[in-house]
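Q: Could you show me how to read a structure like this one, taking the overall picture before the local details?

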Amino acid sequence: MSSNDLIIDKGFTVLNDFKPGADNGDKSDPIPRSPFASYANALSIQSDTHKASFLNDCSLVFTARTKEDSDSYSTGSTYFLPCHMKPRCALEALAQTIFRAHVDSLGGLKGAEKDGEKKLLYDPERSGAEWWTLVLDTPSGGAPSKCHEKDDNDDDDDDEEEDDEVGMHFDADYGLEEQLPNYTLHPRVATITYFSDTGVPTLILDKRSPPPPDEEKKSLNGSINKAWLSHPCFGKHVAFDGRYLHGAPGEYFPSVSKKSIDTSEPKAKRLKVEVLNPPSATRITFMVNIWLNHCPLESGPLDDDVLEKLTTPWEDAQEEGNAKGNLKVGDPFVPPFQWNVDDIDAPDKTDKTASLARASNENGGPAGVEDTVICNRHVDISFGASIEDFHRVSKLAAEDGSMPIEMEDGVFTLKVGKEASSDEEDEEDA
């Protein structure tokens, strides 16, 4: 067995120790370190000028993704930065910083050395950061509209307004799945870094994709009892098991606005949840998936023509005649961002857990059922708590930023239906 062989176990490529992948909660697997972790203030932007250019770059990259395909942005491409590739712009540098933060402390293979150095648990030549951005407008007033696919002939007036919701999906190498049907290969860690304070929260579910023998995806059926909800906050970073089902179902877990107010309590200021669905704003997120011993087949480096349009200063802009034109030759380089997480093994502590119970008819009944496509199957998602309870939990989670949720049977249930037709596409958002 060669270290270059693609060996898949429990949804991951195996590490170089060739040990079987770990099940949920198995501490023997060095990565992912935990099912979910949150880091407030993980990222700082050094100035208002850099912040404006960073957000502009996110929009430029996001626009480039949508233009690569005539369909909606949910079918857009992602980018890949190989482990040892030198970043060419601030966004690539941030992707590499996040990759390093999650893998540099992994250590090496016990008892294995090469040229006097410990052999790594992963092959750098087959590892790296898959990254992309989402820049979504929150519709003014009312619940956010759903993120859905639109065909070329869709001339609905709603096209002018981006969707704030993100459909439930798995992050995976779907290019590989086309070659190896029923083999769903996931990144070791999925991460989100928020570049805004507003927008629909991210819902991460303790639910993994079906194993290869399950061709009809029946293992998706049933109730999901544990989840995590993460509200946007500028500079916040969350990481979770790359095999988990996730999305941003804003109708049930809506955006919440916050502001600080003076009180007579011992603390001078406290966060007060004010309103659901605040006025129109932009939800900006920067996604990085950590891939070890595999590079997703359909992701590649950011195109040069897009790279030249980015405006955030980067140190390599002084090379080759200042090709990108975003830093004057001779000017001192000031890094546009600062990564503030010193120890990735020390995430924020979550002292509270929200709970959701199945609604009775006397309490207004269940919130509703939605049809979506997951793993190329039509899936009915039943939201079995009351809509008021779902909104209550969203408000509660907003107070702490991130919060685990315990759900009774029937609160969040999947029911797998027929296979999606060939002209239907998964809503593979992130």
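A: Let us begin with burial across the whole chain: in this predicted model, buried residues make up 51% of the 430 residues in the protein. The accessible surface of the protein comes to about 19,900 Å², and carbon and sulfur atoms hold 45% of that surface.

Q: How many helices and strands does the protein have, and what share of its contacts with a separation of 6 or more comes from residues 24 or more positions apart?

A: The protein contains five helices and 24 strands. Of the contacts with a separation of 6 or more, 78% are between residues that lie 24 or more positions apart.

Q: How should I read a helix, and which residues of helix 5 are buried?

A: The general idea is that an α-helix has 3.6 residues a turn, so residues three or four places apart point the same way. In helix 5, the buried residues are Phe390, His391, Val393, Ser394, Ala397 and Ala398. Because these residues cover an arc of only 155° around the axis, they are placed on the same side of helix 5.

Q: What span should the 14 residues of helix 5 have, and what is the phi of the residue that follows the helix?

A: At 1.5 Å a residue, helix 5 (residues 387-400) should span 20 Å, and its end C-alpha atoms are 21 Å apart, which agrees with that expectation. The residue that follows helix 5 is Gly401, and its phi is positive, near 95°.

Q: What should I look for in the backbone angles, and which residues other than glycine have a positive phi here?

A: As a general guide, most residues other than glycine have a negative phi, and most peptide bonds are trans. Among the exceptions, Lys217 is not a glycine and yet has a positive phi of about 60°, while Asn293, also a residue other than glycine, has a phi near 65°.

Q: Where do Lys217 and Asn293 lie, and are they buried or exposed?

A: Lys217 is in the loop between strand 11 (202-208) and strand 12 (222-223), and because its relative accessibility is 5%, under the 20% limit, Lys217 counts as buried. Asn293 belongs to the loop between strand 18 (282-291) and helix 4 (304-307), and with a relative accessible area of 2% Asn293 is buried.

Q: Is the peptide bond from Ile31 to Pro32 cis or trans, and where is Pro32 found?

A: The bond from Ile31 to Pro32 is cis, with omega near 5°. Pro32 sits in the loop between strand 2 (12-13) and strand 3 (36-39).

Technical notes. Residues are numbered from 1 along each chain as its sequence is written. This is a predicted model: local features need pLDDT of at least 70, side-chain atom pairs count only at pLDDT 80 or more; totals for chains, interfaces and linings use all residues. Side-chain values use heavy atoms; hydrogens and water are left out. Helices (H or I, at least four residues) and strands (E, at least two) are DSSP runs, numbered from the N terminus. The expected span of a helix is 1.5 Å times one less than its number of residues. Buried means under 20% relative accessible area, exposed over 50%, partly exposed in between (1.4 Å probe, protein chains only). The arc is that of the directions from the helix axis to the C-beta atoms. Contact means heavy atoms within 4.5 Å. Accessible areas come from the Shrake-Rupley method with a 1.4 Å probe; for residues, only the protein chains shown count as cover.
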